[in-house]
Amino acid sequence: MPGGDEKSASGTARSAVGAGNVAEDTRLAALLQQACARGLSRLDAELLLGRATGLSRAMLIVDGERRLGAAALAGFRTECARRLADEPLAYIEGRKEFWSLDLTVSPDVLVPRPETELLVERCLAALPATPQRIADLGTGSGAIALALAHERPQWSITAVDASPAALAVARGNAARLGLRNVQFVEGSWCEPLWAEPFDAIVSNPPYVAPDDPALAALRHEPLAALAAPDEGYADLLAILDAAPHHLRHGGLLLLEHGNTQAPRLAAALVARGYARVVCHPDLAGHARLSEAHWP
Ligand SMILES: C[S@@+](CC[C@H](N)C(=O)[O-])C[C@H]1O[C@@H](n2cnc3c(N)ncnc32)[C@H](O)[C@@H]1O
């Protein structure tokens, strides 16, 4: 990778993307080719070169003979190295689109996933557009809370997270998007919720088993946002245990989870007295969203 080569002690392992004795080919077309040869996908290479040049992906092709200046080249190299080390593009760009909202993200928050839009869709479909009180537990960047707040200005959303750093990102997003119907509170799951009952509690909590090998590929994201004890069930079960104390009668609980976790969660929901327990498949057909009502 370019950054890795530059950091080599001997300085002999110079790449065509990095500095070297031979004259560098700094034409945009050549830089794209070199980045791909080092392992970046064409899309990532184009997006990073687009950032370095300010050009659209189409213009990178049209302007392929144009040369990149030294400062922009250094920035491009650094970002290629970060991406080659599996850092999510969203952290490099500092932003991620969710529900058509442009969200700021940092390594303090999970990068919002498109699958989570299913939870937003289901919440919007299940509840009336009249004023509702909603709690989003483990709000991270604020993705779910802000999508709901954007779609339903008359709803009042309470967004909870245990991480003050995540809440700072979420608050910043709410302010930048001008969404005033969300209150952010620090604490663990339902603990900071007030006595007044909620119409719905929604959450995309950590649900990956701590020994899941998939965590290695997610190492740039906060572990506290991803992994939970008890094979990934601990936080899901803590939420479904506490939610009845904060839901009105008939109130809705929506939980995103892993694609093998639905049966145990359905059994736990039924055992605790929830009604109308259903699981919704995501676009890939995986059972990823459980819904239940407190009778
Ligand atoms: C999977 S991330 C979800 C982030 C965001 N809701 C989304 O869908 O992109 C889980 C979030 O739960 C938060 N979290 C972890 N443990 C928590 C706890 N005990 N109480 C509240 N939030 C917690 C993490 O800080 C993280 O922001």
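Here are some exercises, with worked solutions, on the predicted model shown above.

## Exercise 1: Get the overall picture

Find out how many helices and strands the protein has, and how it is divided into domains.

**Solution.**
- Step 1: start with the elements. There are 12 helices and 9 strands.
- Step 2: look for the domains. Domain 1 covers residues 2-85, and domain 2 covers 94-293. Their centres, taken over C-alpha atoms, are separated by 38 Å.
- Step 3: put a box around it. Along the principal axes, the C-alpha atoms fill roughly 75 × 40 × 35 Å.
- Step 4: check what's inside. Of the 295 residues, 37% are buried.
- Step 5: look at the contacts. Take those between residues at least 6 apart in sequence: 63% of them join residues at least 24 apart.

## Exercise 2: Two helices, two buried sides

Work out which residues of α2 and α12 are buried, and where they sit around each helix axis.

**Solution.**
- Step 1: recall a bit of helix geometry. An α-helix has 3.6 residues a turn, so residues three or four places apart point the same way.
- Step 2: take α2, residues 28-37. Its buried residues are Leu28, Leu31, Gln34 and Ala35. They cover an arc of only 125° around the axis, so they're on the same side of α2.
- Step 3: ask what they pack against. The partners are α3 (42-53), α4 (57-62) and α5 (70-84).
- Step 4: now do α12, residues 262-271. Here Ala262, Leu265 and Leu269 are buried. Their arc is only 65°, which again puts them on the same side of the helix.
- Step 5: turn α12 over. Pro263, Ala267, Val270 and Ala271, on the other side, are exposed.
- Step 6: find the cover. Over the buried residues of α12 you'll find, among others, α11 (234-242), β7 (247-256), β8 (275-281) and β9 (287-293).
- Step 7: see what comes next in the chain. Glycine 39 follows α2 and has a positive phi, near 120°. Glycine 273 follows α12, and its phi is positive too, near 100°.

## Exercise 3: Into the core

Say which residues have the most contacts inside the largest nonpolar core, then trace the neighbours of cysteine 123 and isoleucine 201.

**Solution.**
- Step 1: find the core. It has 56 residues, and the ones with the most contacts inside it are Leu148, Ile201, Leu253 and Leu254. Helix α8 gives the most to this core, with 7 residues.
- Step 2: note the other one. A second, separate core has 12 residues, including Leu28, Ala35, Ala52 and Cys80.
- Step 3: go to cysteine 123, in helix α7 (residues 117-126). Buried or exposed? Count its neighbours: 25 other C-beta atoms lie within 10 Å, so cysteine 123 is buried.
- Step 4: list its contacts, skipping residues up to four places away in sequence. Cysteine 123 touches Leu148, Ala200, Val202 and Leu254. Leucine 254 is 131 residues away from cysteine 123 in sequence, yet their C-alpha atoms are 7.6 Å apart.
- Step 5: do the same for isoleucine 201. Beyond its neighbours within four places, its contacts are Ala135, Leu137, Ala243, His246, Leu247 and Leu253.

## Exercise 4: Around the ligand

Describe the shell of residues that surrounds the ligand.

**Solution.**
- Step 1: count. The shell has 23 residues, and the closest are Gly138, Gly140, Ala162, Asn204 and Ala225.
- Step 2: see where they come from. The elements giving two or more residues are α8 (143-151), β4 (156-161) and α10 (223-226).
- Step 3: sort by type. You get 14 nonpolar, 8 polar and 1 charged.

## Exercise 5: Three loop residues

Decide whether serine 56, aspartate 86 and glutamate 231 are buried, exposed or partly exposed.

**Solution.**
- Step 1: get the cut-offs. A residue is buried with 20 or more other C-beta atoms within 10 Å, exposed with 12 or fewer, and partly exposed in between.
- Step 2: serine 56 is in the loop between α3 and α4. It has 12 such neighbours, so serine 56 is exposed.
- Step 3: aspartate 86 is in the loop between α5 and α6 (89-93). With 11 neighbours, aspartate 86 is exposed.
- Step 4: glutamate 231 is in the loop between α10 and α11. It has 16 neighbours, so glutamate 231 is partly exposed.
- Step 5: check phi. Most residues other than glycine have a negative phi. Aspartate 86 has a positive phi, near 75°, and glutamate 231 has one near 55°.

Methods
Residues are numbered from 1 along each chain as its sequence is written. This is a predicted model: local features need pLDDT of at least 70, side-chain atom pairs count only at pLDDT 80 or more; totals for chains, interfaces and linings use all residues. Helices (H or I, at least four residues) and strands (E, at least two) are DSSP runs, numbered from the N terminus. The arc is that of the directions from the helix axis to the C-beta atoms. Two residues are in contact if their C-beta atoms, placed from the backbone, lie within 7 Å. A residue is near a molecule or strand if its C-beta atom, placed from the backbone, lies within 6 Å of it. Ala, Val, Leu, Ile, Met, Phe, Trp, Tyr, Cys and Pro count as nonpolar, Asp, Glu, Lys and Arg as charged, and the others, Gly among them, as polar. Domain bounds come from an automatic or database domain assignment. A nonpolar core is a set of buried Ala, Val, Leu, Ile, Met, Phe, Trp, Tyr and Cys residues joined through C-beta atoms within 7 Å.
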